Amino acid sequence: MRLLTEAEYRATMEPEPIRIGPEDAPPFDFWPYFDEIPEAHLAGHDFSEGSVTYAWHMVEGNLQHVLVNCEAPNVFLVLILDLATETVLGHYLLDIYGV
């Protein structure tokens with residue numbers, strides 16, 4: 001389970017991602033990866049509900065960012081999915097407001 005640095009996470013982003021709708025099925029089963037993420041990577045947040053409100057497709061890199069919700073608003077565990085290989089490249093703890 002690879003915790004990405006901020007630079008590694010930002011390198012997977014694109015200027016115009018396409019939002020994936022809640023009715024769209026996940027491209028592959030990434031939950032086994034999610035279940036193995038060490039508690040130390042979660043900074044005390046609880047992501048156990050496995051709820052996803054946002055997902056974004058990065059067209060050029062053929063990646064998908066899946067944002068798993070936690071108990072705190074605007075804090076997400078982002079899973080970076082490689083759609084070509086159907087693997088999870090890593091994860092990043094995203095705090096939208098940087099608090």
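**Reading the labels on a predicted model**

Colleague: Why is V88 called buried?

Modeller: The relative accessibility of V88 is 18%, and buried means under 20% relative accessible area, with exposed over 50% and partly exposed in between (1.4 Å probe, protein chains only), so V88 falls on the buried side of the cut-off. This is a predicted model in which local features need pLDDT of at least 70 and side-chain atom pairs count only at pLDDT 80 or more, while totals for chains, interfaces and linings use all residues. Residues are numbered from 1 along each chain as its sequence is written, and side-chain values use heavy atoms, with hydrogens and water left out.

Colleague: Where does V88 sit, and which residues is it in contact with, apart from its neighbours within four places in sequence?

Modeller: V88 belongs to strand 5, where strands (E, at least two residues) and helices (H or I, at least four residues) are DSSP runs numbered from the N terminus. Once neighbours within four places are set aside, V88 is in contact (heavy atoms within 4.5 Å) with F28, F30, Y33, I80 and L81. F30 from that list is itself buried, at 4% relative accessibility.

Colleague: How do you know how far the prediction can be trusted by its own confidence score?

Modeller: The score is pLDDT, the predictor's confidence in each residue, from 0 to 100; the protein has a mean of 95, and 99% of its residues reach 70 or more.

Colleague: What makes the Y9 and Y92 pair stacked?

Modeller: Four aromatic pairs turn up in a search of the whole structure. For Y9 and Y92 the centres lie 4.3 Å apart and the planes meet at 5°. Rings of Phe, Tyr and Trp (its six-membered ring) pair if their centres lie within 6.5 Å, and planes under 30 degrees apart count as stacked, over 60 as edge-to-face and the rest as tilted, so this pair qualifies as stacked. The pair links distant parts of the chain, with Y9 in helix 1 (residues 6-11) and Y92 in strand 5 (residues 87-95), 83 residues apart. Y9 is buried at 6% relative accessible area, and Y92 counts as buried at 15%.

Colleague: Why is the pair of F30 and W31 called tilted?

Modeller: With centres 4.8 Å apart, F30 and W31 form a pair, and their planes stand at 40°, a value that is neither under the stacked limit nor over the edge-to-face limit, so it is tilted. W31 is partly exposed, at 26% relative accessible area, and together with F34 these two residues make one aromatic cluster.

Colleague: How do you know that strand 2 and strand 3 are paired?

Modeller: Two strands pair if DSSP finds at least two bridges between them, and six bridges join strand 2 to strand 3 (residues 63-69), so these antiparallel strands meet the condition. The open sheet has five strands in the order 1-2-3-4-5, with antiparallel pairing. Strand 1 (18-19) and strand 5 stand at the edges, each with a single partner strand, so one side of each is left without a neighbour in the sheet.

Colleague: What makes the protein as compact as a globular protein of its length?

Modeller: The protein follows the pattern α-β-α-β-β-β-β along its sequence. Its radius of gyration (taken over C-alpha atoms) is 13 Å, close to the 13 Å from the globule rule (2.2 Å times the number of residues to the power 0.38) for 99 residues, so the description holds.
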